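Got your viewer open and a selection box ready? Load the model and follow along, one stop at a time.

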Amino acid sequence: MEIKFVENKNPKTMPAEDTLGFGKYFTDHMLMMDYTPDKGWHDLRIVPFENLSIHPACTALHYGSEIFEGLKAYRRADGEVQLFRPIENIRRMNNSAERLCLPEIPEDLALFALTEFVKCEKDKWTPHKKGTSLYLRPFMFGNDESLGVHAVKHATYVIIASPVGSYYKEGINPVKIMIESDDVRAVRGGTGYAKCGGNYAASNRAGKKAEDKGYSQVLWLDGVERKYIEEVGAMNVMFKIAGKIVTPKLTGSILPGITRKSCIEVLKKAGYVVEERLLSVDELGEALKNGTLEEAWGCGTAAVVSPIGELCYKDVKYTINGGKIGEVTQKLYDTLTGIQWGEIKDEFGWTVVVK
Ligand code: PLP
Ligand code: COI
């Protein structure tokens, strides 16, 4: 497909790299593409970053027909910029599209669009400092101009980009997490495995309650029995219990994280036993009490690996690994970020250089 380019004649200044935070600044351009039943995907374009103009009856505004992805472009020491497993994000977005009745994007078209956009923004906007990157946010929304509730016919696809530092203000320092026993993030048969905006809207109340009590995020339990551990905030979660790595299996209400998948591959290669299975909060509580819970961490693109130093369940606080980052958590962080920033050899073939 042809791609049109309209240059931004009022370019911004790249902010100082130690002030980036997460998702506060946006680059000079954005990529857009439209879908209609007669033309399919068409009008692929890179245009100046600007507000969108949408009809007040737009489907996404009323019925939540919106999906998104998150991946990063990393600057290597030699100056090249690379993506981490972009095809995984493209496939997951198509799975989300299928669930929400939005149009899928052929993989080669999605990869072409992403790469062209990164080529356009990377030199100016990919920061250099350790721990920084250019966060890419592809998203798609239903754009029918009518209030009927139906599978979407018209859709818009956009990619925006934001130079970012660390997601949590704690950086790689351990965070405090509260186990949430009332609200649930998603249910089996619902949209938990899809990356759709509504899942995040539904999670905000519990997240706010945790923050108000001095915690960074919540540990989600399953929606049927409030018994099995699912995710932590907007990340997958892993535990080291008596020497083995345990992570909740993908039951349909959990987002299949690309960092999760990568952690499992790195850990298995390093010889660890990794169990993807149901893990009940009672089993976790027992491991906390008898000292066999050796490490706990969240994993996701934004924070990469985020150690959990304290867990609160039913108002009882438990410290994990003395509140310090554990050995496996640190090793995973070093391996993944080492591959992402091109500091160690990518033996897995995960990185894609954009030239
Ligand atoms: N779980 C949720 C709910 C998320 O939003 C994310 C972030 O994308 C993840 C897990 C981690 O997924 P990934 O590692 O692909 O970023
Ligand atoms: C992640 O990348 O881990 C996320 O969950 C992104 C978040 C901002 C939705």
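What follows is a walk through a predicted model, from the ligands to the salt bridges and then out to a few other spots.

**Stop 1: ligand 1**

Select ligand 1 and show what surrounds it. There are 15 residues around this ligand, and Lys195, Tyr200, Glu231, Thr259 and Thr301 come nearest. Colour those five and look at the polar atoms. Tyr200 has a polar side-chain atom 2.4 Å from an oxygen of ligand 1. Glu231 puts a polar side-chain atom 2.5 Å from a ligand 1 nitrogen. For Thr301, an N or O atom of the side chain sits 2.6 Å from an oxygen of ligand 1. Now switch on a surface: on its own the ligand has 380 Å² of accessible area, and the protein covers 95% of that.

Which elements supply at least two residues each to the shell around ligand 1? Highlight strand 12 (235-241), helix 5 (258-269) and strand 15 (293-300), since each of them does. Keep helix 5 coloured, as we come back to it at the salt bridges.

**Stop 2: ligand 2**

Move on to ligand 2. Select Phe22, Tyr135, Arg137, Tyr167, Tyr200, Ala234, Gly300, Thr301 and Ala302, the residues around it. Tyr200 and Thr301 should ring a bell: both are also among the residues that come nearest to ligand 1.

Show the backbone here, because that is where to find the next three contacts, starting with Ala234, whose polar backbone atom is 2.7 Å from an oxygen of ligand 2. Ala302 offers a polar backbone atom 2.8 Å from a ligand 2 oxygen. At Thr301 a polar backbone atom lies 3.4 Å from an oxygen of ligand 2. Of the 290 Å² of accessible area that ligand 2 has on its own, the protein covers 87%.

**Stop 3: a salt-bridge network**

Side chains of opposite charge can pair when their charged atoms come close. How many salt bridges does the structure hold? The count is 25, and a good group to select is Arg85, Glu88, Lys261 and Glu265, which are linked in a network of salt bridges.

Begin with Glu265 and Arg85. Their closest N and O atoms are 3.4 Å apart. This pair links distant parts of the chain, with Glu265 in helix 5 and Arg85 in the loop between strand 6 (81-84) and helix 2 (86-100), 180 residues apart. Toggle the surface and compare the two ends: Glu265 is partly exposed at 28% relative accessibility, whereas Arg85 is buried at 8%.

Next, pick Glu88 and Lys261, whose side chains meet in a salt bridge at 3.0 Å, N to O. Glu88 belongs to helix 2 and Lys261 to helix 5, so this bridge ties together parts 173 residues apart in sequence. Is Glu88 buried or exposed? Its relative accessible area is 16%, so Glu88 is buried. Lys261, at 35%, is partly exposed.

**Stop 4: a bridge between two strands**

Now jump to Asp34 and Arg45, another salt bridge, with the closest N and O atoms 3.0 Å apart. Asp34 is in strand 2 (residues 29-36) and Arg45 in strand 3 (residues 40-48), so here the bridge ties together parts eleven residues apart in sequence. Both partners are buried: Asp34 has a relative accessible area of 17%, and Arg45 has 13%.

**Stop 5: Tyr193**

Select Tyr193, in the loop between strand 9 (175-179) and helix 4 (197-212). With a relative accessible area of 29%, Tyr193 is partly exposed. Draw a C-alpha to C-alpha distance to Ile254: the two residues are 5.1 Å apart in space but 61 residues apart in sequence. Then expand the selection to contacts. Beyond its neighbours within four places in sequence, Tyr193 touches Asn95, Glu98, Arg99, Gly252, Ser253, Ile254, Leu255 and Pro256.

**Stop 6: Ser162**

Go to strand 8 (residues 155-164) and pick Ser162. Is Ser162 buried or exposed? At 2% relative accessibility, this serine counts as buried. Show what packs around it: setting aside neighbours within four places in sequence, Ser162 is in contact with Gly23, Lys24, Tyr25, Phe26, Thr27, Ser133, Leu134 and Tyr135. Tyr135 is also one of the residues around ligand 2.

**Stop 7: out on the surface**

Finish with Leu52, Ile54 and Leu61, which make a nonpolar surface patch of about 250 Å². Zoom in on Leu61, found in helix 1 (residues 59-63). Leu61 is exposed, with a relative accessible area of 55%.

Definitions and conventions
Residues are numbered from 1 along each chain as its sequence is written. Chains are lettered from A and ligands numbered from 1 in the order in which they are written. This is a predicted model: local features need pLDDT of at least 70, side-chain atom pairs count only at pLDDT 80 or more; totals for chains, interfaces and linings use all residues. Side-chain values use heavy atoms; hydrogens and water are left out. Patches are made of residues with over 30% relative accessible area and no salt bridge: like charges are joined within 9 Å, nonpolar side chains (Val, Leu, Ile, Met, Phe, Trp, Tyr) within 5 Å. Accessible areas come from the Shrake-Rupley method with a 1.4 Å probe; for residues, only the protein chains shown count as cover. A salt bridge is a side-chain nitrogen of Lys or Arg within 4 Å of a carboxyl oxygen of Asp or Glu. Helices (H or I, at least four residues) and strands (E, at least two) are DSSP runs, numbered from the N terminus. Buried means under 20% relative accessible area, exposed over 50%, partly exposed in between (1.4 Å probe, protein chains only). Contact means heavy atoms within 4.5 Å. A residue is near a molecule or strand if one of its heavy atoms lies within 4 Å of it. A polar contact is a pair of N or O atoms within 3.5 Å; within protein, one must be able to donate a hydrogen and the other to accept it, and residues adjacent in sequence count only if both atoms are side-chain atoms.
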